[in-house]
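Hi,

Here is the structure I said I'd pass on to you. Have a look at it first, and then read my notes underneath.

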There are 2 protein chains.
Amino acid sequence: METSPLAPARFPDLPVIEGVRFASVAAGVRYTGRTDVMLVELQEGTSIAGVFTKSATRSAPVLDCQAKISAVSAARSALLVNSGNSNAFTGAAGEQSVQAICDAVADTLSIDAARVFTASTGVIGERLPHDRIIAKIADLATGLDAHGIDGAARAIMTTDTFPKGATAEVDIDGQTVRIAGIAKGSGMIAPDMATMLVYIFTDAKIAQADLQALLATLTDQTFNCITVDSDTSTSDSLICAATGASGVDVTDSAGFTKALHDVMLDLAHQVVRDGEGATKFVEVRVTGAATNADARKVGLAIANSPLVKTAIAGEDPNWGRIVMAVGKSGAQANRDALRICFGNIVVAENGWVSPHYTEKAGADYMKKQELTIAVDLGIAGGMSTVWTCDLTHGYITINADYRS
Amino acid sequence: METSPLAPARFPDLPVIEGVRFASVAAGVRYTGRTDVMLVELQEGTSIAGVFTKSATRSAPVLDCQAKISAVSAARSALLVNSGNSNAFTGAAGEQSVQAICDAVADTLSIDAARVFTASTGVIGERLPHDRIIAKIADLATGLDAHGIDGAARAIMTTDTFPKGATAEVDIDGQTVRIAGIAKGSGMIAPDMATMLVYIFTDAKIAQADLQALLATLTDQTFNCITVDSDTSTSDSLICAATGASGVDVTDSAGFTKALHDVMLDLAHQVVRDGEGATKFVEVRVTGAATNADARKVGLAIANSPLVKTAIAGEDPNWGRIVMAVGKSGAQANRDALRICFGNIVVAENGWVSPHYTEKAGADYMKKQELTIAVDLGIAGGMSTVWTCDLTHGYITINADYRS
């Protein structure tokens, strides 16, 4: 698979986060010739927060993480993630696999199995060959390395065409707090949440409950604002681990909140940029709605519309389809108050095409790789921004192939 | 455009409906070398009922029809429909076009403009060249013919690859009541309602209010159960006209209700069979839900999922994506009670793949052109059936082309 044309130029230099060590290995879960399992060790005193898919058919690892995540514990912890098999819809066997992996990690690292968090991503409904993973845990433990985050980012990929990483530093009272995150995801991407696995590490000091609340709020502004294909995964997991090693307390710190937000938004955008078959990165900015919720409805209706997405793929400034999507969204809308812009070009206003708009200006704009569609509903102050990509032959080719 | 592989073998023989005459003409609204306007004259005493899109950006003709439809009138009436331009999001000019057309039809046929119902289908946001239509109204009036329904079915087509017609006869107390209907639609098809125009004629005798209530009920069981691409049109209109010429009162007649239902379902299925790029016709049958509404949520989540639809296109029995769609639907679901079948093949049950299922059996089934996906949620008695098609390269090609 060729790298997405929307990919960043290169994987960023991610800083060492004190208190976190990484290892990855090729266990042959499904893929051959590549790494497919990552192990992360988190030092004693780390706060771990998580946000997970709301799917009614979520995977065994997700159910296990949800049961464990809110425990306040200062004990040493671990994350283990495999790609190639999602261990979703695998009945009681799925739960047994999770338990077996957690027990093996706990034994090898001499930690409590209740402090091992797992995730699996890949095909649904096939038994996870957990013995292959367990057979590699000793190797993983031996290979743990503070510099191993790049390899971890690669081991969790499935149909991704590039590894995803993001970082931020924030100075608080003259001291530096570091954040480094990795993600995977490219198809089955929709809010609540995208089909993603995201792991973010920081040396900040913050209590588990505070980190959990912050993570939930920021997820709504980042990962819950992206959509590739409106399909929601059974495996979505976002875990944020704060080791406290910097000694800097970030509770209620605006600087830390902004830095964490920026890392999350960067990773969310990278997931869209790796959307299956994507050739355009699209920001849909909705303003003037009756409520923020209405604005979000309109944004998602546009971002998920196959007709809008295929028009973008074809570089067709078919703004009539945006009118259609506004109309079908269920949000309060008034034809004559609606204003639609492509970038800075006013396309439609006062219930009709703008008198200044030319088809040539629209067509030229659509040739760009990064597009902004702005819709003002002209009703009140509700606003929301959603990010998506186009719908191309590439998406069909990837997903109509036999069992990706 | 080649005819859809899912098209019926031929256009049905539609009976003459006493009291209805049809004409069609090439007015050059947008297309050249084909008819694009139909006129229908309905005799005095005809009851006219209608169901329309709920889009907040619905077209000028839809708004005009909605304002007129519930008037109880015995006066002679007319329908005028053009293809090629939807007269949607065309500001005040759109309303002026509708008025001009209604006035011209009223003058030519010597009827009240309040009894002229129009519809327009095609591109959104471009001014309707109504002069071209008005210039042909005298020709249309001269050409009115009780046998003209086939030509009318062709004149209303846009991206359709075949004209759509259906008919039924019902005997009531030894007398025959006839129903004949035509439809257009192939993309921008989703419930509430599909992007469709549907015209159904019958010689039954029934009051307007009774016909309206019946039509609304049957629409929920037919046209509101189909989806091609989840996109809702700004122009959807369904009109049913009962001339009363048979003299047979069908108020509360179960036989008439069934016959009308069958005609509507036949037309609805034909719209799916002409879904843009479709190569498979898919029935999604959901049972065992907590409520009928929950069953419908699950059915639409499956039928609208790009990942399910591309798997079907690829003849991949990827039932994990059906599990995903159930999970994301928002309906109450219990992994271990879920049962999924392809036709008669039990694929998954008890929270996992069925022990009797083989990948070969699933792959062989998916090669069929007509598929049934049955999902039993195992919770209660709620049920719903939805019809859809696959998502193929053909859909992308049709819709990523410049301005269809």
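Below is what I found, starting with how the chains sit together and then going through some strands.

Keep in mind that this is a predicted model.

**The two chains**

Try laying chain B on chain A: a turn of 180° does it, with a shift of 0.0 Å along the axis and an RMSD of 0.0 Å. Chains related in that way have a two-fold axis, which is why a half-turn is all you need. If you want to find the axis from chain B, go to His393(B): its C-alpha is the one in that chain nearest the axis, at 2.9 Å. Both copies use the same surface for the contact, as 98% of the contact residues of chain B turn up again in chain A.

How many residues does each chain bring to the contact? Chain B gives 50 and chain A gives 49. On the chain B side, at least two residues each come from helices H2 (91–109), H9 (306–313), H10 (319–328) and H12 (393–400), and also from strand S13 (352–353). H10(B) has the largest share of that side, with 7 residues. By type, the chain B side splits into 22 nonpolar, 20 polar and 8 charged residues.

**Strand S14 in chain A**

Now go to residues 370–376 of chain A, which form strand S14. In a regular strand, side chains alternate between the two faces of the sheet. Which residues of S14(A) are on the buried face? They are Leu371(A), Ile373(A) and Val375(A). Glu370(A), Thr372(A), Ala374(A) and Asp376(A) point to the other face and are not buried.

S14(A) pairs with strand S10 (residues 281–289) of chain A in the parallel sense, over 7 bridges. One spot to check is Glu283(A), whose bridge partner in S14(A) is Thr372(A). S14(A) also runs antiparallel to strand S11 (residues 339–342) of chain A, joined to it by 4 bridges. There, Phe342(A) has Ile373(A) as its bridge partner.

**Strand S1 in chain A**

Strand S1 (residues 20–25) of chain A is mostly covered, with 6 of its 6 residues buried. Val20(A), Phe22(A) and Ser24(A) point one way, Arg21(A), Ala23(A) and Val25(A) point the other way, and all are buried. So what does S1(A) pair with? It is joined by 6 bridges to strand S2 (residues 37–42) of chain A, and the two run antiparallel. For an example, look at Val25(A), whose bridge partner in S2(A) is Val37(A).

Have fun with it!

Notes. Residues numbered from 1 in each chain as written. Chains lettered and ligands numbered in written order. Predicted model: local features only at pLDDT ≥ 70, side-chain atom pairs only at ≥ 80, totals over all residues. Least-squares fit on C-alpha atoms with pLDDT ≥ 70 in both. Contact = placed C-beta atoms within 7 Å. Buried ≥ 20, exposed ≤ 12 C-beta atoms within 10 Å, placed from the backbone. Pairing = 2+ DSSP bridges. Nonpolar A, V, L, I, M, F, W, Y, C, P; charged D, E, K, R; others polar.
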